[in-house]
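Visitor: I'm new to this structure, and I'd like a close look at one part of it rather than a quick tour of everything. Please pick a good spot to begin and take me through it slowly.

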Amino acid sequence: MDSAPGKHIRNISRSSRPRSSTRGPLDAFDDPLALPETPTSPIKHKSMLGANDTFSGASFYELDPLAPDNLPEHVEKDLSFLLRHSNFHPLSHLDIPPPLRSEFLILNPGDPLSTTLGTLEQLLAEGRFLIAAHFSASILTSSLISPTDIKIIFSLFYTRLACLDLSGNTILAAQESKNLEDLSSVFYYIDLNLESAAVDNEGPEQEQAHTQDPRHIVPWPLRVLAVRLQSIGFGDSRRSIGGLYEIGLEARREVMRTGATEAEREVWRQRLADLGIRSVNSLIEMGDFDAARRSLDSLRVPGPESDITKLRKALLLLRIGDLDAASQVFSDTDEKTEAALLKPLISMSDGRFSDAVAEWRILAEDRTRTDGALVAQNLAVCLLYIGQLDESRRLLEAQISSNQSFGSLIFNLSTVYELCTDRSTQMKGQLADMLSKQPVIGQTNLDRPNSDLKL
């Protein structure tokens, strides 16, 4: 691969492996964070998105609110190595059931970039992730993109990788993420001090006061996604842990940066808390449950933990198998929405499916809950385990009829069909046809692979 000048220069102050110290940026006890176009074929789904919704493509310029807005004039980053056709795998509809297939969009070279980005934005809003993945690659390899327009290039590259992952093509996303190469390379950093020195005629003391660390030009969401995908692409699960610790060190420096506003510090605090959870999840994916348990215990989150954060911890503890610790996560709070979910989940993890059925039924009777489909699915799974297949099937089919369809629910209903009848393949085909006629609500992946329906 041809590279831009200076692209392979390694920043020697950063390591590609976790530090040997038992303390790191994600678990340090002395926490400084405590400081005060039109489709080529008709789409089968009818959109329920608001008629007044407009898609201008502006969101692609706002992927990371803390990224540098513009490069200094004397700094030029040529990202043409990310715009090659060979970087992107061809995509196919063959892994999608025929009733759910929609044609790929063809880029209209006469449309301006804003119109094209608006079309892509609409695809994302409707949940057409495979189509969006193809279309984003078409834009990246077109003449609409300048090799030096770093903000839009990284946004489109992130869209491509995220959509591949969401549409079940994680392996392809992992391979394509390697085109970014080493994101800790100095190529991806800009020294804002050079800009200050170029425009200001200040004395040494004033220049010293303006000194700040180099800033990374890649949006934070892309950096976090690339850590996981590159570890898959290179077949090295330890790379994920090392990558999370590296960007964790940088996030911690940003929190303590002198010129940072309180709002910026709060964003970086939230990012550090997210990285801590991701590092535990990576350890679980590696199968190192003991290390995951220790890391989870050592996490320090500034301020009171939200119910969502507590639920994430509880789910990780359930995955590890520590039911007692999971049951204590919400011990100091009332029975809120997230806390109420934990009790039946613990019963399921402990193999007490009859108890779980009773507990899920209580939650299902609460009409104020917004997660009724999730509760109904878990109730149906528990009914399946205690042998009540007919009721399980009726529950899952009721959710499909009410347009509450998502990947795991469809998979579970397909499993029930396999257990209930010899005509399961035919019934799965009918299910796919029903899904194709559902309105677009923008909350689920419409490009469902065959694996979702166990075809």
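Guide: Let's begin at Tyr188. This residue has a relative accessible area of 1%, so it counts as buried. Keep in mind as we go that you're looking at a predicted model. Right beside it in the chain, Phe187 is buried too, at 5% relative accessibility.

Now for the rings. A search of the whole structure turns up six aromatic pairs. Phe187 and Tyr188 make one such pair: their ring centres are 5.2 Å apart and the planes sit at 80°, so this pair is edge-to-face. Another pair joins Trp220 and Trp268, again edge-to-face, with 5.2 Å from centre to centre and 85° between the planes. Because Trp220 belongs to helix α7 and Trp268 to helix α9, this second pair ties together parts that are 48 residues apart in sequence. Trp220 counts as buried because its relative accessibility is 6%, and Trp268, at 6% as well, is also buried. Back at our starting point, ring pairs gather Phe81, Phe154, Phe187 and Tyr188 into a cluster.

Trp220 is our way into α7, so let's stay with that helix for a while. How far should α7 reach from end to end? Its 14 residues, 220-233, should span 20 Å at 1.5 Å a residue, and the C-alpha atoms at its ends are indeed 20 Å apart. There is a bend along the way, though: α7 turns by about 25° at Ala226.

Is α7 mostly buried or exposed? Of its 14 residues, 11 are buried, so the rest of the structure largely encloses this helix. If you'd like to pick them out on screen, start with Trp220, Leu222, Arg223, Val224, Leu225 and Ala226, then carry on through Val227, Leu229, Gln230, Ser231 and Gly233. And what do they pack against? Among helices, the buried residues of α7 meet α3 (150-166), α4 (170-177), α8 (237-255) and α9 (262-286). They also pack against the strands β1 (189-190) and β2 (215-216). Just past the end of α7 you'll find Gly235, which has a positive phi, near 65°.

From here, follow the tryptophan pair across to α9. With 25 residues at 1.5 Å each, α9 should span 36 Å, and its end C-alpha atoms are 36 Å apart, so expectation and model agree. After α9 comes Gly287, where phi is positive again, near 90°.

α9 also has a share in the charged pairs. The count of salt bridges comes to 21. In one of them, the side chains of Arg271 and Asp64 meet at 2.8 Å, N to O. That pair connects distant parts of the chain, since Arg271 is in α9 while Asp64 is in the segment before α1 (113-126), 207 residues apart. Arg271 and Asp64 are each buried.

A second salt bridge of α9 stays within the helix: Glu266 and Arg269 both lie there, three residues apart, about one turn. In general, an α-helix has 3.6 residues a turn, so residues three or four places apart point the same way. The side chains of Glu266 and Arg269 meet at 3.3 Å, N to O. Their surroundings differ, though: Glu266 is partly exposed, at 36% relative accessible area, whereas Arg269 is buried, at 5%. There is also a network here, in which salt bridges with shared partners join Arg215, Glu254, Arg257 and Glu264.

One last charged pair is Glu126 with Arg128, whose side chains meet at 2.7 Å, N to O. Glu126 is buried at 8% relative accessibility, and Arg128 is buried at 3%.

Finally, how confident is the predictor? The average pLDDT is 81, with 79% of residues scoring at least 70. Residues 48-52 fall below 50, and that stretch has eight contacts in the model beyond near neighbours in sequence. Residues 196-210 stay under 50 too, with three contacts beyond four places in sequence. Where pLDDT is low, the predicted coordinates shouldn't be read in detail.

Definitions and conventions. Residues are numbered from 1 along each chain as its sequence is written. Side-chain values use heavy atoms; hydrogens and water are left out. Helices (H or I, at least four residues) and strands (E, at least two) are DSSP runs, numbered from the N terminus. The expected span of a helix is 1.5 Å times one less than its number of residues. The bend at a residue is the angle between axes fitted to the seven residues ending there and the seven starting there. Buried means under 20% relative accessible area, exposed over 50%, partly exposed in between (1.4 Å probe, protein chains only). Contact means heavy atoms within 4.5 Å. A salt bridge is a side-chain nitrogen of Lys or Arg within 4 Å of a carboxyl oxygen of Asp or Glu. pLDDT is the predictor's confidence in each residue, from 0 to 100. Rings of Phe, Tyr and Trp (its six-membered ring) pair if their centres lie within 6.5 Å; planes under 30 degrees apart count as stacked, over 60 as edge-to-face and the rest as tilted.
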